[in-house]
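Reader: I work at the bench and would love a close look at a single part of this protein. Could you walk me through its ring pairs and what surrounds them?

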Amino acid sequence: MFSGQITLSNVYMILGFLLSMYACVSNDIIQTLGTFLSANKKTPFYYLWAFSVIVLVITIVTGWIVNDGDMSFGLLTRIPVTEEFTPIYLMPPIILIILTRLGIPVATTFLVLSVFSVSDASVIWMMLTKSVLGYVIAFVVAIIIYNIIGRPLERYFYYTQKRSGDTKISKWWMVAKWCSTAFIWSQWLAQDSAKLFVYLPRKASVGELLFVLISFTIFLGILTYQRGGDIQKIVKMKTNVQDPRSATIIDLIYAFLLLYFINLNNVPMSTTWVFIGLLAGREIALYHRLRFESPKKMYKHIIKDLTKVTFGLVVSIVVVLVLVKFDVVVQFFMSHFS
């Protein structure tokens with residue numbers, strides 16, 4: 001990780017990675033391990049921790065081997081390599097941590113990668129557009145699917161869960177839930193972790209790989225122990241997501257949505273918007289089909305979630321604009337007074 005002596009740039013690079021890892025995983029946990037944690041609320045956290053770490057190690061090590069040391073799976077090819085890290089690169093993850101503590105889901109990919117792409121405004125705009133489009137498509141798809149499966153499946157899940165708890169849920173549903181979680185978690189690591197490894201060398205050594213794995217393991221222990229933290233409330237408030245059968249279906253729909261957007265184009269996007277859109281469409285469809293809760297309560301949750309992600313996106317845009325202006329000011333003073 002270091003070439004020669006330790007410099008201040010090296011320190012900012014490591015701090016940026018550690019802060020970004022904690023901030024991004026904490027904020028995006030609602031879409032990766034969120035339903036998994038809700039569906040396994042009675043399972044000791046260290047089992048959930050071990051499972052998430054195993055998937056992590058397999059995914060990152062595989063990517064590191066296949067891509068000749070590139071842990072970002074080649075997703076940073078359009079992002080310029082940063083030669084000198086400064087305190088300005090620590091701002092996005094610090095802001096992410098604050099917003100996550102407030103339970104606000106943020107467009108983490110947009111916020112972090114935009115800082116490294118300020119020279120190309122078109123990429124920033126495309127990321128923003130694709131994120132909002134992701135919400136709309138996920139919202140519509142969820143309404144269609146849950147209008148179809150609401151009565152035959154979700155109604156059955158709801159009443160069997162209410163009547164007997166977890167005792168009569170087939171073990172195969174639990175196996176399916178763990179498998180779907182492994183798929184979602186590995187996909188997030190393969191596709192969204194570019195916003196983490198943008199702080200590190202594009203070709204990682206064995207020592208750097210071990211540093212990443214150990215750091216990830218520690219942070220995952222904290223997050224699983226906290227059961228996702230405050231932002232996990234977005235998942236917990238949704239209808240019947242504690243049921244592993246319902247959670248498995250959410251994961252599968254979300255996985256196919258991500259697969260669609262991955263093949264749509266190679267523009268990075270905020271997958272948080274896709275997930276929030278999926279949950280919103282699901283709630284509306286289940287209300288109209290099953291009437292499990294009052295319309296006031298249902299729409300309140302949806303509007304609250306949309307307000308949170310919109311606020312997070314606005315903050316992300318403001319931060320990026322400030323950083324762009326800051327960079328212009330710095331360049332001006334350097335060119336005129338150096």
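Author: Happily! A good place to begin is a cluster in which ring pairs link Phe45, Tyr46, Tyr47, Trp49 and Tyr225. Before going on, please note that this is a predicted model, in which local features need pLDDT of at least 70 and side-chain atom pairs count only at pLDDT 80 or more, while totals for chains, interfaces and linings use all residues. Residues are numbered from 1 along each chain as its sequence is written, and side-chain values use heavy atoms, with hydrogens and water left out.

What counts as a ring pair? Rings of Phe, Tyr and Trp (its six-membered ring) pair if their centres lie within 6.5 Å; planes under 30 degrees apart are called stacked, over 60 edge-to-face, and the rest tilted. By this rule there are 15 aromatic pairs. In one of them, Phe45 and Trp49, the ring centres are 6.1 Å apart and the planes stand at 10 degrees, so the pair is stacked. Both residues belong to helix α3 (residues 45-66), where they sit four residues apart, about one turn of the helix. Helices here are DSSP runs (H or I, at least four residues), as strands are (E, at least two), numbered from the N terminus. As a general point, an α-helix has 3.6 residues a turn, so residues three or four places apart point the same way.

How covered are these two rings? Phe45 has a relative accessibility of 23% and counts as partly exposed, and Trp49 is partly exposed with 28%. The scale calls a residue buried under 20% relative accessible area, exposed over 50% and partly exposed in between (1.4 Å probe, protein chains only).

A second stacked pair brings in another region. The rings of Phe85 and Tyr199 have centres 6.1 Å apart and planes at 25 degrees, so this pair is stacked. Phe85 lies in the loop between α3 and α4 (91-101), and Tyr199 in the loop between α8 (194-197) and α9 (206-225), so the pair ties together parts that are 114 residues apart in sequence. Both Phe85 and Tyr199 are buried.

The loop between α3 and α4 also holds Thr82. At 17% relative accessibility, Thr82 counts as buried. Leaving aside residues up to four places away in sequence, Thr82 touches Tyr89 and Phe116, where contact means heavy atoms within 4.5 Å.

Back to helix α3 itself. At 1.5 Å a residue, its 22 residues should span 32 Å, and the end C-alpha atoms are 32 Å apart, which agrees; the expected span is 1.5 Å times one less than the number of residues. Among the buried residues of α3 are Leu48, Phe51, Val55, Leu56, Ile60 and Trp64. Just after the helix, Asp68 takes a positive phi of about 55 degrees.

For the wider setting, the chain has 13 helices and zero strands. Of its 338 residues, 54% count as buried. Among contacts with a separation of 6 or more, 86% come from residues 24 or more positions apart.

Charged side chains meet too: the whole structure has two salt bridges, each a side-chain nitrogen of Lys or Arg within 4 Å of a carboxyl oxygen of Asp or Glu. One joins Asp251 and Lys177 (2.3 Å, N to O). Asp251 lies in helix α11 (residues 244-264) and Lys177 in helix α7 (residues 171-192), 74 residues apart. Asp251 is buried at 0% relative accessibility, and Lys177 is buried at 0%.
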